[in-house]
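The exercises below are meant to be worked with the sequence and the model side by side. Try each task on your own before reading the solution that follows.

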Amino acid sequence: MPSDKKGRILVVDDEADIRESLDLLLTSEGYAVDGAENATEGLDRLESSLYDVVLLDLMMPDRSGMEVLDEVRRRDRQIPIFMITAYGSVESAVRALKLGANDYFTKPWDNQKLLIEIERIIAKSRLEQENIHLKKALKQRYSFPNIIGKSDRMQTILDLVARVAQTRSTILITGETGTGKELIAKAIHANSTRAEQVFIPVNSGGLAPDLLESTLFGHVKGAFTGAIASRKGYFEIADRGTIFFDEVGNIGLETQAKLLRVIQEREFMPLGSGETVRVDVRILAATNSDLRRLVEEGKFREDLYYRLNVINLILPPLRERKEDIPLLVDYFFDKFCKENGKFLGSDGRSILKFESEAMHVLMDHSWPGNVRELENAIERAVVLAEAPNVPVDVLPDQVLHASGIRIRRDASGYLPADASLFEIVADFERRKIVEQLEASNWSQTEAAEALRIPLSTLNQKIKRLEIAIPKKSDKR
Ligand SMILES: Nc1ncnc2c1ncn2[C@@H]1O[C@H](COP(=O)(O)OP(=O)(O)OP(=O)(O)O)[C@@H](O)[C@H]1O
Ligand SMILES: [Mg+2]
């Protein structure tokens with residue numbers, strides 16, 4: 001029984017009896033065999049099915065076997081090809097081998113030798129395929145070294161990133177500020193076939209509309225006042241690479257129309273130019289606003305929205321994947337200890353550890369600024385740390401305040417004997433603020449002035465220290 005397992009062989013030869021005898025020989029050995037009676041049919045079959053070996057006749061009426069060989073190799077096919085010909089000469093043999101044929105047989109061929117060579121080349125190319133496959137698998141597993149996240153939500157995202165990276169699909173990355181949208185966009189680029197080409201981030205919101213257009217599409221000399229020389233736009237510079245539209249919701253409606261055209265047609269006209277420029281650019285976009293709502297409000301083109309939203313990666317806020325916090329903390333400890341050259345162990349990793357109270361605060365905080373906020377908090381902690389055990393008070397105010405750190409008290413309202421320095425300081429701070437507020441008749445503006453701190457800081461401290469402000473009627 002011929003089987004795909006042993007191997008599929010394509011015989012391209014215009015002579016029916018050659019095809020038949022090869023078919024007979026190979027099928028009896030257990031190979032699956034297809035025949036093609038001319039070059040065109042052979043190339044079609046190679047396009048539509050997978051073969052392990054091609055036996056290719058050198059002389060055919062429509063195109064020579066040499067041309068077919070050249071064509072197949074140009075399509076970058078690694079498929080093993082054996083040339084077969086009655087007109088075997090040393091020159092054509094050498095030429096065929098140069099063009100990438102794997103071996104050469106003259107009619108009448110030696111059946112045993114042919115079978116051995118076929119078996120050998122199949123085994124070899126399967127091994128190579130397997131190696132390529134293994135390398136790919138390895139690459140995929142380790143290709144996001146700078147993206148931390150073992151939570152199911154992040155794993156799902158990373159899985160998707162690995163799968164879409166190789167395609168040319170436009171991808172819309174959404175998520176709150178600091179969730180890693182740009183990081184993911186870069187990872188998509190780095191894992192794509194365009195990795196060697198440029199990645200161009202465009203801060204869509206940061207530029208005035210006219211400036212954005214000339215930045216994107218370029219302009220010719222004299223296109224507008226001040227255009228003293230022609231300039232290439234990002235789209236042209238990004239040709240064969242990736243362009244990343246950050247905060248895509250901020251792009252004005254007019255520029256949106258032009259962007260739509262580039263996405264649809266992959267072409268555009270530089271400002272002031274009558275000529276279209278064609279480019280091959282992968283487009284990624286990110287936003288932390290609700291594009292759907294902008295569409296409803298008429299601020300964002302619906303057609304553009306659908307074009308961008310082919311694949312949507314939704315990055316979860318940090319508070320919805322808290323199991324990633326300890327990993328991120330370690331990762332950022334390592335990063336900033338290296339940067340600051342302090343608290344490094346002999347393995348090159350950070351030896352810093354948060355005291356458990358600090359770790360509780362980190363886990364409790366809602367992280368409105370997401371990973372960026374955490375990253376900043378850790379950087380600050382590393383800079384301030386004086387010993388490997390990092391206390392809670394190195395955490396920034398807004399983290400402490402939002403977490404509503406509790407000052408413990410005993411039954412009579414005093415601090416407990418084992419109060420931490422943080423509790424002692426907080427208690428003292430609290431008493432001072434209450435005193436001043438009372439003196440200022442609970443006017444926070446006045447109290448802030450007297451304490452010589454900004455009103456916003458006083459506000460934060462009132463919340464963090466849980467100071468109850470009396471209702472109007474209770475005030476003196
Ligand atoms: N999963 C992660 N692992 C490691 N670092 C991360 C992760 N997510 C984000 N970061 C880091 O957090 C910071 C913010 O990430 P990034 O700039 O990609 O966020 P963003 O979603 O684009 O934010 P914004 O909406 O404010 O532009 C960066 O320094 C990034 O490297
Ligand atoms: Mg960003």
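**Exercise 1.** Which residues point one way from strand E6 (residues 171-174), which point the other way, and are they buried or exposed?

*Solution.* The model is a predicted one, and the first step is to follow the side chains along the strand. Ile-171 and Ile-173 point one way from E6, whereas Leu-172 and Thr-174 point the other way. This is the pattern to look for, because side chains in a regular strand alternate between the two faces of the sheet. The next step is burial, and here all of these residues turn out to be buried.

The last step is to find the strands that pair with E6. Strand E11 (residues 282-287) pairs with E6 in the parallel sense over four bridges, and within E11 it is Ala-285 that is the bridge partner of Leu-172. Strand E12 (residues 311-314) also pairs with E6 in the parallel sense over four bridges, and there Thr-174 has Ile-314 as its bridge partner.

**Exercise 2.** Into which domains is the chain divided, and between which of them does ligand 1 lie?

*Solution.* Begin with the division of the chain, which gives domain 1 (3-134), domain 2 (152-316), domain 3 (319-399) and domain 4 (421-474). Then look at the surroundings of ligand 1, where 16 residues form the shell and the closest are Thr-177, Gly-180, Lys-181, Glu-182 and Val-371. The elements that give two or more residues to this shell are helix H7 (181-190) and H15. By type, the shell residues divide into four nonpolar, eight polar and four charged. Because domain 2 and domain 3 both give residues to the shell, ligand 1 lies between them.

A further step concerns the two domains themselves, whose C-alpha centres are 34 Å apart. Eight residues of domain 2 are in contact with eight residues of domain 3, and on the side of domain 2 that touches domain 3 the residues divide into two nonpolar, four polar and two charged.

**Exercise 3.** Find Glu-247 and Trp-367, each with a positive phi in a residue other than glycine, and decide for each whether it counts as buried or partly exposed.

*Solution.* Glu-247 has a phi near 50 degrees and belongs to the loop between strand E8 (242-246) and helix H10 (253-265). Since a residue needs 20 or more other C-beta atoms within 10 Å to be buried, Glu-247, with 18 such neighbours, counts as partly exposed. Trp-367 likewise has a phi near 50 degrees, and its place is the loop between helix H14 (356-364) and helix H15 (370-384). Trp-367 counts as buried because it has 22 C-beta neighbours inside 10 Å.

**Exercise 4.** What span should the 13 residues of H10 have at 1.5 Å a residue, and how far apart are its end C-alpha atoms?

*Solution.* The expected span of H10 is 18 Å, and its end C-alpha atoms are 18 Å apart, so the two values agree. Continuing along the chain, one meets Arg-266 just after H10, with a positive phi of about 55 degrees.

**Exercise 5.** Where is the peptide bond from Lys-107 to Pro-108, and what is its omega?

*Solution.* The peptide bond from Lys-107 to Pro-108 is cis, with omega near -10 degrees. As for its place, Pro-108 is found in the loop between strand E5 (103-106) and helix H5 (111-142).

Conventions: Residues are numbered from 1 along each chain as its sequence is written. Chains are lettered from A and ligands numbered from 1 in the order in which they are written. This is a predicted model: local features need pLDDT of at least 70, side-chain atom pairs count only at pLDDT 80 or more; totals for chains, interfaces and linings use all residues. A residue is buried if 20 or more other C-beta atoms lie within 10 Å of its own, exposed if 12 or fewer, and partly exposed in between; C-beta atoms are placed from the backbone. The expected span of a helix is 1.5 Å times one less than its number of residues. A residue is near a molecule or strand if its C-beta atom, placed from the backbone, lies within 6 Å of it. Ala, Val, Leu, Ile, Met, Phe, Trp, Tyr, Cys and Pro count as nonpolar, Asp, Glu, Lys and Arg as charged, and the others, Gly among them, as polar. Domain bounds come from an automatic or database domain assignment. Two residues are in contact if their C-beta atoms, placed from the backbone, lie within 7 Å. Two strands pair if DSSP finds at least two bridges between them.
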